[in-house]
Amino acid sequence: MTALIKWKNHRIEDVEVNLLLQALNERYGYDFTGYARASLKRRLRELMVYFELEHLTQLIPTLLYNEAVAQTVINSISVPTSEFFRDPFVWAYLRENVMPLLASFPRINIWQAGCGFGQEAYSLSILLHEAGLENRSHIFCTDINPEFLNEAKKGCWAARNFKLWQENYQKSGGTGDFSDYFIEQKNTVAIRANYKQHVEFIQHNLVNDDVFKEVQFVLCRNVLLYFGEELQNHVIGLFTRSLERGGYLLLGSGENIFDLQELHPRLESLEYSVQLYRKTSHV
């Protein structure tokens with residue numbers, strides 16, 4: 001127990017973080033240097049406890065030559081937090097106000113960035129189905145982490161959170177029986193195949209990769225919280241370039257990006273409480 005306390009309270013120096021991030025970048029191509037340092041150090045401290053290390057730099061030689069260890073580090077840094085219809089008031093706003101606007105486009109391409117294990121992607125699929133838009137929609141779901149993408153493609157999760165997801169759905173104004181969207185097994189629930197038809201999962205790095213598709217709607221919720229200011233602005237620029245004129249951007253409700261509209265004048269704020277923006281035609 002004494003050793004565990006020592007690891008938890010160990011002060012991680014910036015030079016240690018820099019060396020580890022450099023190793024990840026040069027060896028595996030993952031650039032986490034723009035991530036907010038406080039959050040990054042917290043997750044690295046948890047890794048020190050997991051690997052029973054006295055110093056963070058002890059991890060570097062192992063991750064350089066052991067891809068399984070490197071993936072554990074990457075997973076820890078980019079750990080997703082998601083659930084079906086998380087923040088129901090946001091989904092209620094999308095249902096009532098954004099779906100009718102998207103209906104004006106002849107084809108609806110949606111980019112959901114930072115998809116994690118897929119709950120938000122399939123929430124979108126359900127929402128589009130209930131709005132009658134699924135047959136002319138396609139959801140491109142991206143994440144930096146291939147393991148998360150593989151899990152998201154399966155569309156199967158532990159059933160222990162199903163009651164919470166059902167409550168979220170109902171609070172969001174869901175019009176159907178939430179359980180009808182799933183196949184229930186012993187301890188798991190799986191999304192039905194027809195709600196996977198218009199969902200595609202793609203590996204994409206918001207730090208290094210560029211625009212890959214013109215879209216009418218971008219969702220990136222509670223990802224930018226972990227980015228530093230410079231990286232936040234880089235990613236907002238990426239989203240802006242991805243959007244068709246008149247398209248919509250939804251950020252996390254707690255993601256108040258400093259000087260967003262001053263730095264990105266083509267984004268017009270539509271609803272501050274849900275962080276919804278529209279790409280305008282003027283600069």
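In this predicted model, strand β2 has side chains pointing two ways: Ser 137, Ile 139, Cys 141 and Asp 143 go one way, His 138, Phe 140 and Thr 142 go the other, and all are buried. With seven of its seven residues buried, β2 is largely enclosed by the rest of the structure. The strand has a partner in β1, and these two pair in the parallel sense over six bridges. One of the pairings links Asn 109 to His 138, its bridge partner in β2. To get from β1 to β2 the chain goes through α7, and this β-α-β crossover is right-handed. Strand β2 also pairs with β6: five bridges join them, and they run parallel. Here Phe 140 has Glu 200 in β6 as its bridge partner.

These strands belong to an open sheet of seven, and its pairing is mixed. Read across, the order is β6-β2-β1-β7-β8-β10-β9. The edges are taken by β6 (199-203) and β9 (267-271), each of which pairs on one side only. From one strand to the next, the twist averages 20 degrees. Helices pack on this sheet too. Helix α7 (residues 119-130) touches β1, β2 (137-143), β6 and β7, and its direction makes about 170 degrees with that of β2. Since angles over 145 degrees count as roughly antiparallel, α7 and β2 therefore fall in that class. Helix α8 (residues 146-154) packs on the sheet as well, where it touches β2 and β6. The direction of α8 makes about 165 degrees with that of β6.

Moving along the sheet order brings up β7 (residues 215-220), where six of the six residues are buried, so this strand too is largely enclosed by the rest of the structure. Strand β1 (residues 108-113) pairs with β7 in the parallel sense over three bridges, and Gln 112 has Leu 219 as its bridge partner in β7. There is also a pairing between β7 and β8 (residues 243-251), parallel again, this time over five bridges. Within that pairing, Val 218 sits opposite Leu 249 in β8, and Cys 220 is opposite Leu 251 in β8. The chain gets from β7 to β8 by way of helix α10 (residues 229-242), in a β-α-β crossover that is right-handed.

Helix α10 is also where Ser 242 is found. With a relative accessibility of 0%, Ser 242 counts as buried. Leaving aside residues up to four places away in sequence, Ser 242 touches Trp 111, Val 211, Lys 213, Glu 214 and Val 215. Of these contacts, Val 215 lies within the residue range of β7 and Trp 111 within that of β1.

There is a second open sheet, with three strands in the order β3-β5-β4 and antiparallel pairing. Strands β3 (156-158) and β4 (182-184) are at its edges with a single partner strand each, so one side of each is left without a neighbour in the sheet. The twist in this sheet averages 25 degrees from one strand to the next. Three bridges join β3 to β5 (residues 188-191), and the two run antiparallel. One pairing puts Cys 156 with Ala 190, its bridge partner in β5.

Then there are the helices α2 and α3. Two packed helices are described by the angle between their axes and the distance between the axes. For α2 (residues 14-28) and α3 (residues 37-51), the angle is about 80 degrees and the axes are 12 Å apart. The two helices are therefore roughly perpendicular to each other. On the α2 side the contact involves Asp 14, Val 17, Asn 18, Leu 20 and Leu 21, which meet Arg 37, Leu 40, Lys 41 and Leu 44 in α3. By residue class, this contact divides into five nonpolar, one polar and three charged.

Helix α2 also holds Glu 16. At 9% relative accessibility, Glu 16 counts as buried, the cut-off being under 20%. The C-alpha atoms of Glu 16 and Thr 57 are separated by 5.9 Å, although these residues are 41 residues apart along the chain.

Note on methods. Residues numbered from 1 in each chain as written. Predicted model: local features only at pLDDT ≥ 70, side-chain atom pairs only at ≥ 80, totals over all residues. Heavy atoms only, no water. Buried < 20%, exposed > 50% of the residue type's maximum accessible area, 1.4 Å probe, protein only. Helix = DSSP H or I, 4+ residues; strand = E, 2+ residues; numbered from the N terminus. Pairing = 2+ DSSP bridges. Right-handed = clockwise from strand over helix to strand, strands pointing away. Contact = heavy atoms within 4.5 Å. Axes fitted to C-alpha atoms, helices over the stretch in contact; angles between N-to-C directions. Parallel < 35°, antiparallel > 145°, perpendicular 65-115°, else oblique. Nonpolar A, V, L, I, M, F, W, Y, C, P; charged D, E, K, R; others polar.
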